[in-house]
Amino acid sequence: MSVLRWKSFEENEDRPDKPRRYGVTEMRGPHYTLLTQNVLQDIFESMGQFVDGLKFSGGSHSLMSKDFIKEVTNMAHQHDIYVSTGDWAEHLLRRGPSAFREYVEECKQLGFDTIELNVGSLEVPEETLLRFVHLIKSGGLKAKPQFAVKFNKSDIPIGGDRAFGAYIVPRPRSTEFVEDVDLLIRRAERCLEAGADMIMIDADDVCKYADSLRADIIAKVIGRLGLEKTMFEASNPRTSEWFIKQYGPKVNLYVDHSQVMDLECLRGHNLGKNHASVLGSSYFLF
């Protein structure tokens, strides 16, 4: 039986130490599953060296006590793991213009290192989005805008005028969403120019399912933004396998806690024919 040769770090290159600029593994925190402080402690102690970041998905931190959040962020920092908010900032807009600045300060006090901005949910003008990035950076935190490949049709410039910073006359909100990869990339580039540290690509319509991966979109995004500045969600082991197989171990991925060990094995040398050969090593912990 033949064994596939996977893309890997150079033979004389070890896995980079944390903090890593590439090959980042961000782990989903409490959201779809209940992770108690003891469970997180077990995960960090057993495989914390493979985890770069912990993300509180879906605004889950808003339902937790501040004391608990501080305990979790402190625990993560002890293992050199950064902590990121999920897409929650959009819920603050109804509280007025000063609410976002207060949110940044609160996140800093709670021990968060990164604030994620779900661009689709925020539904703010581009200049407002860039101002949010500046506010996050001036607050001493990292900014990670999250983009989807589909945009509300009313947000897409008409008449061919898509220059950076071009004024777009507001139009009534549409219920139709249109795929526009070039617009995603242009807005992501502006965020990076404004100081954003990483661009998160929404899995929907791109890489949510291994059988329907949009390799064309992924290649275009990575080609324009760079491997180091992009992160993709890998919702299952097969998706992780595809990314590592296509782009090597330096690709940045966001995965469930149950996939961390499997992903680290996939990032290594001379693996077997598929992810099933290493799945067993990741399940004994849970």
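Reader: Before anything else, what does contact mean here, and what share of contacts between residues at least 6 apart in sequence join residues at least 24 apart?

Author: Contact means heavy atoms within 4.5 Å. The model is a predicted one, and its protein has 10 helices and 10 strands. Among the contacts between residues at least 6 apart in sequence, the share that joins residues at least 24 apart is 74%.

Reader: How much of the protein is made up of buried residues?

Author: Buried means under 20% relative accessible area, and Met-47, in helix α1 (residues 37–47), counts as buried because its relative accessibility is 0%. Of the 286 residues in the protein, the buried ones make up 49%.

Reader: Which residues have the most contacts inside the largest nonpolar core?

Author: In soluble globular proteins, nonpolar side chains tend to be buried together. Here the largest nonpolar core has 69 residues, while a second, separate core of five residues includes Met-198, Met-200, Met-231 and Tyr-254. Inside the largest core, the residues with the most contacts are Phe-44, Phe-100, Leu-117, Val-221, Phe-232 and Leu-253.

Reader: How are the rings of Phe-56 and Phe-112 arranged, edge-to-face or stacked?

Author: Phe-56 lies in strand β2 (residues 53–56) and Phe-112 in the loop between α3 (99–110) and β4 (114–118), so this pair ties together parts that are 56 residues apart in sequence. Phe-56 is buried, with a relative accessible area of 0%, and Phe-112 also counts as buried, at 2% relative accessibility. Planes over 60 degrees apart count as edge-to-face; since the two ring centres are 5.5 Å apart and the planes stand at 75 degrees, the pair is edge-to-face.

Reader: Which residues form one aromatic cluster with Trp-242?

Author: One pair to look at is that of Trp-242 and Tyr-247, which is edge-to-face, with 6.2 Å from centre to centre and 65 degrees between the planes. Tyr-247 counts as partly exposed because its relative accessibility is 23%. The residues that form one aromatic cluster with Trp-242 are Phe-232, Phe-243 and Tyr-247.

Reader: Over which ring does the charged end of Lys-55 sit?

Author: A charged end also sits over a ring at Lys-250, where the ring is that of Tyr-22 and its centre is 4.9 Å away. For Lys-55, the distance from the charged end to the ring centre is 4.4 Å, and the ring belongs to Tyr-254.

Reader: Which residues are joined into one network by salt bridges that share partners?

Author: The structure holds 17 salt bridges, and one of them pairs Lys-144 with Glu-26, whose closest N and O atoms are 2.7 Å apart. Lys-144 lies in strand β5 (residues 142–147) and Glu-26 in strand β1 (residues 25–28), so the pair ties together parts that are 118 residues apart in sequence, and both residues are buried. Through shared partners, salt bridges join into one network Glu-26, Lys-55, Glu-116 and Lys-144.

Reader: Where along the chain do Asp-182 and Lys-220 lie?

Author: The side chains of Asp-182 and Lys-220 meet in a salt bridge, at 2.9 Å from N to O. Asp-182 is partly exposed, with a relative accessible area of 27%, and Lys-220 is partly exposed, with a relative accessible area of 36%. The pair links distant parts of the chain, 38 residues apart, with Asp-182 in helix α6 and Lys-220 in helix α7 (residues 215–225).

Terms used:
Residues are numbered from 1 along each chain as its sequence is written. This is a predicted model: local features need pLDDT of at least 70, side-chain atom pairs count only at pLDDT 80 or more; totals for chains, interfaces and linings use all residues. Side-chain values use heavy atoms; hydrogens and water are left out. Helices (H or I, at least four residues) and strands (E, at least two) are DSSP runs, numbered from the N terminus. Buried means under 20% relative accessible area, exposed over 50%, partly exposed in between (1.4 Å probe, protein chains only). A nonpolar core is a set of buried Ala, Val, Leu, Ile, Met, Phe, Trp, Tyr and Cys residues joined through side-chain atoms within 4.5 Å. Rings of Phe, Tyr and Trp (its six-membered ring) pair if their centres lie within 6.5 Å; planes under 30 degrees apart count as stacked, over 60 as edge-to-face and the rest as tilted. A charge sits over a ring if NZ of Lys or CZ of Arg is within 6 Å of the ring centre and within 35 degrees of the ring normal. A salt bridge is a side-chain nitrogen of Lys or Arg within 4 Å of a carboxyl oxygen of Asp or Glu.
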